Amino acid sequence: MTKDLNFIHRFEPGNRLEAPPLLLLHGTGGDENDLLPLGEAISPGSALLSPRGQVLEHGMPRFFRRLSEGVFDEDDVRRRANELADFVEAARDAYMLAAPIALGYSNGANIAAAMLLLRPNVLAGAFLLRAMVPLSETPTAGLRGQPVLIVSGELDPIIPASNASRLAGILTQAGASVQHRTLPLGHQLSQFDLKVAQDWMKAVSQPA
Ligand code: MLT
């Protein structure tokens, strides 16, 4: 029996079987439509699963609560990361998908990082745009070499460079195969992010 798919979401079936499915996780104030063009540009033909965050901050959807910018309600991070992981598992059954690679931006990248740490078997990898450490204490998670690319902005006013580096260290220690790129950019996405993502996706989708 299929469990309920209890996140509002978009699902675009892929048309290239060998392309990994992508889990698209939007930033604060975004929704399930935002990252579909980016997902399609990064990995043409991939199935795209794109949920909407269930927390509202002044009407803006997010994936977990925060106390202020960059200060998270960590109990809520844990709860919501587990709920999102349950949704991904249910969606895999419903749509017959392989484990997806998460493509998350900002708040979406932070929930993806939390999922990697709390539910290490749910994602096949992650592409984290403007991510930061989501939890001050993390379990010694058993990631199994899943590829993770973190792309940070040198001029990002929200995320200090040291925080993104700390996240790279935590994920590496948890068993992920992490690359961390820092670009001369702010918090917003640019064409450079797209190029870096396309190159990384090509490299990780090569058959062994
Ligand atoms: C977060 O709350 O996840 C980060 O501060 C990034 C943001 O969404 O602004």
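These legends walk through close-up views of a predicted model, starting at the ligand and moving on to the empty spaces in the protein.

**View 1. The ligand and the residues around it.** Who are the ligand's neighbours, so to speak? The ligand is surrounded by Thr-28, Arg-62, Phe-64, Arg-66, Gly-70, Phe-72, Ser-106, Asn-107 and Asn-110. Sorted by class, this shell holds 5 polar residues, 2 nonpolar ones and 2 charged ones.

**View 2. Polar contacts to the ligand's oxygen atoms.** Take Thr-28 to begin with: an N or O atom in its side chain is 2.5 Å from an oxygen atom of the ligand. Arg-62 also uses its side chain, with a polar atom there lying 2.8 Å from a ligand oxygen. With Gly-70, look to the backbone instead: a polar atom of the Gly-70 backbone is 3.5 Å from an oxygen atom of the ligand. How much of the ligand does the protein bury? Taken alone, the ligand exposes 260 Å², and the protein buries 96% of that.

**View 3. The largest pocket, home of the ligand.** Here's where the ligand sits: in the largest pocket. That pocket holds about 230 Å³ of space. It is lined by 17 residues, and the ones closest to its centre are Thr-28, Arg-66, Ser-106, Ile-158 and His-187. Two names to spot again are Thr-28 and Arg-66, both of which are also among the residues surrounding the ligand. As for the make-up of the pocket lining, count 8 polar, 5 nonpolar and 4 charged residues.

**View 4. The largest cavity.** Now for the closed-off spaces: the model has 2 cavities of 30 Å³ or more. The largest cavity has a volume of about 40 Å³. Which residues line the largest cavity? They are Phe-7, Gly-53, Gln-54, Phe-63, Arg-80, Glu-83 and Leu-84. By class, that gives 3 nonpolar, 2 polar and 2 charged residues in the lining of the largest cavity.

**View 5. The second largest cavity.** This one has a volume of about 30 Å³. Around the second largest cavity you'll find Arg-130, Ser-152, Gly-153, Asp-156, Ile-159, Ala-161 and Ala-164. Which elements give two or more residues to this lining? They are strand S10 (147-153) and helix H4 (161-173). The lining of the second largest cavity divides into 3 nonpolar, 2 polar and 2 charged residues.

Notes
Residues numbered from 1 in each chain as written. Predicted model: local features only at pLDDT ≥ 70, side-chain atom pairs only at ≥ 80, totals over all residues. Heavy atoms only, no water. Near = heavy atom within 4 Å. Polar contact = N/O pair within 3.5 Å; in protein donor to acceptor, adjacent residues only side chain to side chain. Areas by Shrake-Rupley, 256 points an atom, 1.4 Å probe, with all protein chains shown as cover. 1 Å grid on protein atoms, 1.4 Å probe; cavity = no way out; pocket = protein on both sides within 12 Å on 5 of 7 lines; lining within 4 Å. Sits in = over half its atoms within 2 Å of the grid points. Nonpolar A, V, L, I, M, F, W, Y, C, P; charged D, E, K, R; others polar. Points joined across faces, edges and corners; volume = space filled by probe spheres on them. Helix = DSSP H or I, 4+ residues; strand = E, 2+ residues; numbered from the N terminus.
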